[in-house]
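Colleague: I would like a close look at one part of this model, taken slowly enough for a first-year student to follow. Please start from the whole and then work through that part and its surroundings.

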Amino acid sequence: MSNPFVNKLNKMNDSITAGRGELEASLRTQTVNYARDLTLNHAINSDQIPEALRPYLEKVVLHAYKTTDQDIEQLKKCGYSEDEIFELTISAAFGAGYARYLQGVALLNPTYESLEVKQGEVAFA
């Protein structure tokens, strides 16, 4: 049986990680994975995320309401364009939202089989 919500999540994931953008698709995918793993408290391999991005991404994932114009200006000083920063923000927000969705489903249905989340992969059931 197909779940329409999961189908929409899959389409959104594909659009974010493989769609057209200013930022390399691989970095968008790594950002989604990093945000998801950070939210789920998994062991995080941040080696693939440029060091200059980590504080901003952690803030977006864990404390989005604390994001300021200064954070954006700092990324611009590191050479990122506004479009790239936007794509990073969307990728991080999606990864965190996906993880919170998994946590909610697990609470409502502990036997939900699609909750197996593998390190470094975005996989929806």
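Modeller: What follows looks at helix α3 and the parts around it, after a short overview.

The model is predicted, and its mean pLDDT is 85, with 85% of the residues reaching 70 or more. Among the elements, helix α1 (residues 4–18) has the lowest mean pLDDT, 88, and helix α4 has the highest, 97. Over residues 115–125 the pLDDT is below 50, although this stretch has 34 contacts in the model beyond near neighbours in sequence. Where pLDDT is low, the predicted coordinates should not be read in detail. Those 34 contacts of residues 115–125 are therefore left aside here, since the pLDDT there is below 50.

The secondary structure comes to five helices and zero strands, in the order α-α-α-α-α along the sequence. Of the 125 residues in the protein, 36% are buried. Among contacts with a separation of 6 or more, 63% are between residues 24 or more positions apart. The accessible surface comes to about 7,700 Å², and carbon and sulfur atoms account for 52% of that surface.

Now to helix α3, which spans residues 54–63. Which of its residues are buried? They are Arg 54, Tyr 56, Leu 57, Val 60 and Val 61. Seen down the axis of α3, these buried residues fall within an arc of 165 degrees, so they line one face of the helix. The cover over the buried residues of α3 includes α2, α4 and α5.

The nonpolar core is the next thing to look at. In soluble globular proteins, nonpolar side chains tend to be buried together. In this model the largest nonpolar core has 17 residues, and Leu 53, Leu 57 and Leu 88 are the ones with the most contacts inside it. The elements that give two or more residues to this core are α2, α3 and α5, the last of these running over residues 82–108. Leu 57 is also on the list of buried residues of α3. Leu 53 touches Leu 27, Leu 75, Tyr 80 and Leu 88, not counting residues up to four places away in sequence.

Leu 27 shows this part of the model from the side of helix α2, which covers residues 25–39. With a relative accessible area of 11%, Leu 27 is buried, because the cut-off for buried is under 20%. Leaving aside neighbours within four places in sequence, Leu 27 is in contact with Gln 48, Ile 49, Pro 50, Leu 53 and Leu 88. Two of these partners, Leu 53 and Leu 88, are among the residues with the most contacts inside the core. The C-alpha atom of Leu 27 is also 9.8 Å from that of Glu 87, a residue 60 places away along the chain.

A nonpolar residue need not be buried, and helix α5 offers a case in Ile 90. At 35% relative accessibility, Ile 90 counts as partly exposed. Its C-alpha atom is separated by 7.7 Å from that of Ile 16, and the two residues are 74 residues apart along the chain.

Charged residues come last. Side chains of opposite charge can pair when their charged atoms come close. The structure holds four salt bridges. One of them reaches out from α3: Lys 59 pairs with Asp 71, and the closest N and O atoms are 3.0 Å apart. Lys 59 lies in helix α3 and Asp 71 in helix α4 (residues 69–77), so the pair ties together parts that are 12 residues apart in sequence. How do the two ends compare in exposure? Lys 59 is partly exposed, with a relative accessible area of 24%, whereas Asp 71 is buried, at 17%.

Helix α4 has another salt bridge, between Lys 76 and Glu 73, with the closest N and O atoms 3.5 Å apart. Lys 76 and Glu 73 are three residues apart in helix α4, so about one helical turn separates them. Both count as partly exposed, Lys 76 at 29% relative accessibility and Glu 73 at 39%. Lys 76 also forms a salt bridge with Glu 82, where the closest N and O atoms are 2.6 Å apart. Through shared partners, these salt bridges join Glu 73, Lys 76 and Glu 82 into one network.

Definitions and conventions:
Residues numbered from 1 in each chain as written. Predicted model: local features only at pLDDT ≥ 70, side-chain atom pairs only at ≥ 80, totals over all residues. Heavy atoms only, no water. Helix = DSSP H or I, 4+ residues; strand = E, 2+ residues; numbered from the N terminus. Buried < 20%, exposed > 50% of the residue type's maximum accessible area, 1.4 Å probe, protein only. Contact = heavy atoms within 4.5 Å. Core = buried A, V, L, I, M, F, W, Y, C linked by side-chain atoms within 4.5 Å. Salt bridge = Lys/Arg side-chain N within 4 Å of Asp/Glu carboxyl O. Arc of directions from axis to C-beta. pLDDT = per-residue confidence, 0-100. Areas by Shrake-Rupley, 256 points an atom, 1.4 Å probe, with all protein chains shown as cover.
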